[in-house]
Amino acid sequence: SIRYPQRQVEIIKESGKVDPGQLDGKKIYIQVTYVSPYFESYELKDRVTVFEKNFNIKRFIYSTPFTESGKAHGDLKSQCKRKTILTTANTFPYVKTRVLVVEREEFVLSPAEVAIEDMMARTKELKHATALDPPNPKLLQVQLQGAISTTVNQGPLEIANVFLSDKEALEKSLQLQKLRSCFRAFTLRCGEALEKNKQLISDDQREYQREMERN
C-alpha cells in the first residue's frame, strides 16, 4: 500500500490456484503461503544437520488440499492433495528477501496416497516421541492420544475402516497394500510408545494406560 498508494492491496492467504478472471483489475493481489524446503531422497544423505537442511536451498514445496467437488476439505474417500514444488533463481538464504521462481512442478495425491502420507507422518511422530532422551512424557502421551483414541476425527481407525475394510479392493490395489504396510509399522510404533509410556507414568495414570492399551 505504501508503494502503490492509489491502489488497494489484497492478500490471498490460500495456496490454491488463482483464477485471474475472478480478480478485480483495480486491485493489487499478493498470494502468501507457507513453504518447506524440498529435497530428493538422495539429497538427504548429504544434508544431515539442521544447518544443512536450511542453507543453500532453491527448491521448496507446499501442499493444497482439495476435493473433486471443488471444496478444500471433504471425507477421507474424496480428500486429495496437490503438491507444488517451486525452484528459485538463487539459493536461500540470499541478500534479497524475494527471489524469482523459475520453475514450478505439480503432482496430485489420490485419497489413498493422502492416507498413506498421513499414516507415515503419524508413525514418524510416534517414533520421535518414543526415542527422545531425556523422555518427554507429555509429548509422548499427546502422540499416543492422537494415534490410539477412537474418538479422533479422521484418525487411524477411520482411515482403516474407509480404505482397508474391502478385502477384494485391497488385493487389487498396490496403493491400499502399501497403506496396509504403513498400518503394520504404525501398530509396531504404537506398541513401543505404550511400553515407553508405561515406564514413565505415575500410579494415578495406570487406568489411563490400561484404557489406551484396550484401544
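In this predicted model, Glu192 and Arg189 are joined by a salt bridge whose closest N and O atoms lie 2.8 Å apart. Because the two residues are three positions apart in helix α5, about one helical turn separates Glu192 from Arg189. Neither partner reaches the exposed class: Glu192 counts as partly exposed, since its relative accessibility of 32% falls between the limits of 20% and 50%, and Arg189, at 23% relative accessibility, also counts as partly exposed.

Helix α5 spans residues 174–200 and also contains Arg184, which is exposed, with a relative accessible area of 53%. The C-alpha atom of Arg184 is separated by 10.0 Å from that of Thr123, a residue 61 positions away along the chain. Lys196 likewise has its place in helix α5, but Lys196 is buried and has no salt bridge. How far away is the nearest side chain of opposite charge to Lys196? That side chain belongs to Asp133 and is 6.9 Å away, which means that the pair lies outside the 4 Å limit used for a salt bridge. Leaving aside neighbours within four places in sequence, Lys196 is in contact with Thr130, Leu132, Pro135 and Leu140.

The structure holds 15 salt bridges, and three of them are set out below with their closest N to O distances.

| Salt bridge | N to O distance | Location |
|---|---|---|
| Glu192 and Arg189 | 2.8 Å | helix α5 |
| Glu117 and Lys81 | 2.7 Å | helix α1 and strand β5 |
| Glu207 and Arg210 | 3.1 Å | helix α6 |

The salt bridge between Glu117 and Lys81, with its closest N and O atoms 2.7 Å apart, links distant parts of the chain, as Glu117 belongs to helix α1 (residues 111–131) and Lys81 to strand β5 (residues 80–92), 36 residues apart. Glu117 counts as partly exposed, with a relative accessibility of 25%.

Both Glu117 and Lys81 also appear among the contacts of Leu109, which touches Cys80, Lys81, Lys83, Val114 and Glu117 when residues up to four places away in sequence are not counted. Leu109 itself lies in strand β6, which covers residues 101–109. Is Leu109 buried or exposed? Its relative accessible area is 11%, and Leu109 is therefore buried, as this value is under 20%. The C-alpha atoms of Leu109 and Cys80 are separated by 5.7 Å, although the two residues are 29 positions apart along the chain.

In helix α6 (residues 206–214), Glu207 and Arg210 are three residues apart, about one turn of the helix, and their side chains meet in a salt bridge with an N to O distance of 3.1 Å. Glu207 is partly exposed, with a relative accessible area of 44%, and Arg210, at 41% relative accessibility, counts as partly exposed as well. Through salt bridges that share partners, Glu207, Arg210, Glu211 and Arg214 are joined into one network.

A surface feature of another kind is the nonpolar patch of about 240 Å² that is made by Ile11, Ile30 and Val32. Of these residues, Val32 is found in the loop between β2 (27–31) and β3 (36–37). Val32 counts as partly exposed, at 42% relative accessibility, and therefore exceeds the 30% relative accessible area that a patch residue needs.

Note on methods
Residues are numbered from 1 along each chain as its sequence is written. This is a predicted model: local features need pLDDT of at least 70, side-chain atom pairs count only at pLDDT 80 or more; totals for chains, interfaces and linings use all residues. Side-chain values use heavy atoms; hydrogens and water are left out. Helices (H or I, at least four residues) and strands (E, at least two) are DSSP runs, numbered from the N terminus. Buried means under 20% relative accessible area, exposed over 50%, partly exposed in between (1.4 Å probe, protein chains only). Contact means heavy atoms within 4.5 Å. Lys and Arg count as positive and Asp and Glu as negative; His and the chain ends are not counted. Patches are made of residues with over 30% relative accessible area and no salt bridge: like charges are joined within 9 Å, nonpolar side chains (Val, Leu, Ile, Met, Phe, Trp, Tyr) within 5 Å. Accessible areas come from the Shrake-Rupley method with a 1.4 Å probe; for residues, only the protein chains shown count as cover.
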